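Here's a short tour of one corner of a protein chain, written for someone who hasn't met it before. Take a look at the structure first, and then we'll walk through it.

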Amino acid sequence: MDIQWYPGHMAKAKRLLITQLGKVDLAIELCDARLPLSSRNPALNALISHKRRILLLCKADLAEPAKTKQWLAYFASIGVEAMAYDATPQKTKQAKLFIENAAKAVIERGERRGIAKTIRAMVIGVPNVGKSTFINRMYGGSVTETGDRPGVTKSNRWVKVSPYLEILDTPGMLWPKLNDQQAATRLAYIGTIKDAVYNQEELCASLLEDLLKAMPQRAMERYKIKNPELTGYDLLEEVCRGRGFLMRGGIMDTDRACAVVLDEFRAGKVGKLTLEEAPIPEKPREESLDEC
Ligand SMILES: Nc1nc2c(ncn2[C@@H]2O[C@H](COP(=O)(O)OP(=O)(O)O)[C@@H](O)[C@H]2O)c(=O)[nH]1
Ligand SMILES: [Mg+2]
């Protein structure tokens, strides 16, 4: 399967992101807790190097909690401030505190100079990680527009979410990194890449194969798969038979099977699944006499 992202889209996203980043004190990067590495794009590092930045592992309700813990330990070990997030009121409250805490240094610097500094933050991430949902949850219905500033348009407003924190209402779109085709395939599983860009049947068969490896019992039960050794198109046909996705004349409705399997996976109906293992946390390097 060859998954591509159009260079034109990438260039446009980058231009827009650079403009938006120029206006903020803090970047809130969102990635998907099921794919914490591949749903980030290291290209952001170059654009953001001098800015305060935090990371939210979103849709944590769909990931395996033990693995999310390992990811958080890994990120802590490389100096990335991260927390697991899902779009619940409880986690939203935690996220607000987390962001305010990250912004503290900037706030305190302002206070020392007698300025009640408001932190301006923006949300950044690849498509479908939950940016719009997160922003809406942060607003929590009590949207206070802050802006009679020039150039503030309806879709580019600063919204006050707490006394010291304003968030840009338009998230920054980061393009997915697709050089690695295994990562690209997994990004397609979670819906980061538009369905039109890849072959649905190949993608769905690949997802079913991965589900059979990761959670054989659940996958076999849900999709009525009798033979877990099946692969590719044979596997799709087995799902059609098992779930009754048949058209007139008994023809297999593989399109329907693909749509259902992908939708159900994206909605977490098959179960919590983290698609990527965290690297072993990096230990702080011990001083060595040899290096002195
Ligand atoms: N299970 C789950 N789904 C979520 C969560 N946050 C967002 N979603 C869903 O993920 C999809 C993409 O979310 P959206 O906010 O539009 O992502 P964006 O493209 O980054 O703005 C939507 O169907 C949301 O309902 C979450 O915390 N948990
Ligand atoms: Mg959105």
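Let's start at Gly-79, which follows helix H3 and has a positive phi, near 80°. Keep in mind that this is a predicted model.

Now step back into the helix itself. H3 covers residues 65-77, so to speak a run of 13 residues. From its first C-alpha to its last it reaches 18 Å, close to the 18 Å expected at 1.5 Å a residue.

Which residues of H3 are buried? They are Lys-67, Thr-68, Trp-71, Tyr-74 and Phe-75. Look down the axis of H3 and you'll see these buried residues fall within an arc of 115°, so they line one face of the helix. There's a simple rule behind that kind of pattern: an α-helix has 3.6 residues a turn, so residues three or four places apart point the same way.

What do the buried residues of H3 pack against? Their partners are two strands, E2 (52-58) and E3 (82-84). Over on the other side of H3, you'll find Pro-65, Ala-66, Lys-69 and Ala-76, which are exposed.

Next, the charged pairs. The structure holds 12 salt bridges, and here are some that involve this neighbourhood, including two made by Lys-67.

| Pair | Closest N to O |
|---|---|
| Glu-81 and Arg-52 | 2.8 Å |
| Glu-64 and Lys-67 | 3.6 Å |
| Lys-67 and Glu-277 | 2.9 Å |

Take the pair of Glu-81 and Arg-52, whose side chains meet in a salt bridge. This pair links distant parts of the chain: Glu-81 sits in the loop between H3 and E3, while Arg-52 belongs to strand E2, 29 residues apart. Are these two buried or exposed? Glu-81 is partly exposed, with a relative accessible area of 29%, and Arg-52 is partly exposed too, at 33%.

Then there's Lys-67, one of the buried residues of H3. One of its partners is Glu-64, which is partly exposed with a relative accessible area of 21%. The other salt bridge in the table joins Lys-67 to Glu-277. That pair also links distant parts of the chain, with Lys-67 in helix H3 and Glu-277 in the segment after helix H10 (254-266), 210 residues apart.

Finally, salt bridges can be found linked together here: Glu-29, Arg-40 and Arg-53 form a network of them.

Key. Residues numbered from 1 in each chain as written. Chains lettered and ligands numbered in written order. Predicted model: local features only at pLDDT ≥ 70, side-chain atom pairs only at ≥ 80, totals over all residues. Heavy atoms only, no water. Helix = DSSP H or I, 4+ residues; strand = E, 2+ residues; numbered from the N terminus. Expected span 1.5 Å × (residues − 1). Buried < 20%, exposed > 50% of the residue type's maximum accessible area, 1.4 Å probe, protein only. Arc of directions from axis to C-beta. Contact = heavy atoms within 4.5 Å. Salt bridge = Lys/Arg side-chain N within 4 Å of Asp/Glu carboxyl O.
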